[in-house]
Amino acid sequence: MDHVNHTGTQSFILAGFATTGTLRPLAFLGTLCVYLLTLAGNLFIIVLVRADSGLSTPMYFFVSVLSFLELWYVSTTVPTLLNTLLHGHSPIPSAVCFVQLYVFHSLGMTECYLLGVMALDRYLAICRPLHYHALMSRQVRLRLAGATWVAGFSAALVPASLTATLPFCLTEVAHYFCDLVPLMRLACVDTSWHHRVHGAVLGVATGCNFVLILGLYGGILRAVLKLPLAASRAKAFSTCSSHVTVVALFYASAFTVYVGFPGSHPEGTDKHVALVYALLTPFLNPIIYTLRNKEVKEAIRRISVRIRTILKEP
């Protein structure tokens, strides 16, 4: 790693992945394809929810908000990933690095809160069906969605600002984007206190939200098991399966990276796990919400019929 005077750190160097020869262009093209498909898939979900009246429900409103978030989430890190795959070690100005750190964690925290709100939506739909539309009115939906963004961008302020004020003696970041743990490894001082603060902020926020999701799904499970008909139970479970899958992917990969002390994971492994929640999960979300959902498939058919009808008109 490169050593620098900590009083004048102007830029960092993103190490990225060690790819050589023919593997480098293949990795670049593969990542670019996944990125473009991710953008297309999430844009498709947003347009579909807006265009089809059959999807104008609270559940699909929050799905469209999640897709909008994923567009920004994946675009925060993939450009630097593509740059490191194409050019190897890539310099990044320190100001840009810290902005990327803040925006990435802000969007990650926002997604964490949004997944909690989506679990609340499913709980009200299944356990309070008679009052569901009154409890989840348009105004309530907008306020809940806005609150997730405000809470996410507020929660990320503390860890991002503390990391940005550290004195750095090294410049080579063992990652393809600026993240908390790889940056703390470059500091000239002991960062155990900073990590405890980061763990308190991120751990309490995500942990409490995860417990909330588990509690809500516990209530859903009890309510569903009381339904007399097997068909009713299957329908209720099917409305939750997509969300449960997304929650499992997001939390499993995120906890792997952010739970524990910086030295608890071998250096360089964080960037491999980060590919799951920073690239793979946003890519899979549109697939999960379309291929496993009958309402979305029916909406696609309705939109297709409308488009064919318009094209046939003279």
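**Close-up 1. Val276 sits in helix 10 of this predicted model.** How exposed is Val276? With a relative accessible area of 26%, Val276 counts as partly exposed, because the partly exposed class lies between the buried class, under 20%, and the exposed class, over 50%. Look for Ser253 and Thr281 beside Val276: Val276 touches both of them, not counting residues up to four places away in sequence. Now find Phe44. Val276 and Phe44 are 232 residues apart in sequence, and their C-alpha atoms are 22 Å apart in space.

**Close-up 2. Pro286 is another residue to find in helix 10, which covers residues 269–291.** Is Pro286 buried or exposed? Its relative accessibility is 8%, so Pro286 counts as buried. Which residues does Pro286 contact once its neighbours within four places in sequence are left aside? They are Gly41, Asn42 and Ile45. Thr77 makes a handy landmark here: it is 209 residues from Pro286 along the chain, and 19 Å separates the two C-alpha atoms.

**Close-up 3. Asp52 and Arg302 form a salt bridge.** Here is the general idea to keep in mind: side chains of opposite charge can pair when their charged atoms come close. In this pair, the closest N and O atoms are 2.6 Å apart. Where do the two partners lie? Asp52 belongs to the loop between helix 1 (23–51) and helix 2, while Arg302 is in helix 11 (residues 294–312). The two are 250 residues apart, so this salt bridge links distant parts of the chain. Asp52 counts as buried because its relative accessibility is 4%. Arg302, at 35%, counts as partly exposed.

**Close-up 4. Asp121 and Arg122 also meet through their side chains in a salt bridge.** The N to O distance for this pair is 3.1 Å. Asp121 has a relative accessibility of 2%, so it counts as buried. Arg122 is buried too, with a relative accessible area of 7%. How many salt bridges does the model have? The count comes to two.

**Close-up 5. Three strands make an open sheet in the order 2-1-3.** The pairing in this sheet is mixed. Which strands are at the edges? They are strand 2 (90–93) and strand 3 (172–173), and each of them pairs on one side only. Start with strand 1, residues 11–14, and follow it to strand 3: the two run parallel and are joined by two bridges. Strand 1 and strand 2 pair in the antiparallel sense, over four bridges. Ile13 is a good residue to zoom in on. Its bridge partner in strand 2 is Pro91, and in strand 3 it stands opposite Glu172.

**Close-up 6. Strand 2 has a covered face and an uncovered one.** Ser90 and Ile92 belong to the covered face, whereas Pro91 and Pro93 are on the uncovered face. Which helix lies across strand 1 and strand 2? Helix 3 (residues 94–127) does, running at about 85 degrees to strand 2.

**Close-up 7. Helix 5 covers residues 138–155 and has its buried residues on one face.** At 1.5 Å a residue, its 18 residues should span 26 Å, and this agrees with its end C-alpha atoms, which are 26 Å apart. Which residues of helix 5 are buried? They are Arg141, Ala145, Thr148, Gly152 and Ala155. Seen down the helix axis, these buried residues fall within an arc of 110 degrees, so they line one face. A general rule helps with this picture: an α-helix has 3.6 residues a turn, so residues three or four places apart point the same way. Turned away from the buried side is a face with the exposed residues Arg143 and Val150. The buried residues pack against helix 2 (58–87), helix 3, helix 6 (157–164) and helix 8 (192–225).

**Close-up 8. Helix 6 has buried residues as well.** They are Pro159, Ala160, Leu162 and Thr163. Around the axis they cover an arc of only 165 degrees, which puts them on the same side of helix 6. What covers these buried residues? The cover includes helix 3, helix 5, helix 7 (180–184) and helix 8.

Notes
Residues are numbered from 1 along each chain as its sequence is written. This is a predicted model: local features need pLDDT of at least 70, side-chain atom pairs count only at pLDDT 80 or more; totals for chains, interfaces and linings use all residues. Side-chain values use heavy atoms; hydrogens and water are left out. Two strands pair if DSSP finds at least two bridges between them. Contact means heavy atoms within 4.5 Å. Axes are lines fitted to C-alpha atoms, for helices over the stretch in contact, and angles run from 0 to 180 degrees between N-to-C directions. The expected span of a helix is 1.5 Å times one less than its number of residues. Buried means under 20% relative accessible area, exposed over 50%, partly exposed in between (1.4 Å probe, protein chains only). The arc is that of the directions from the helix axis to the C-beta atoms. A salt bridge is a side-chain nitrogen of Lys or Arg within 4 Å of a carboxyl oxygen of Asp or Glu.
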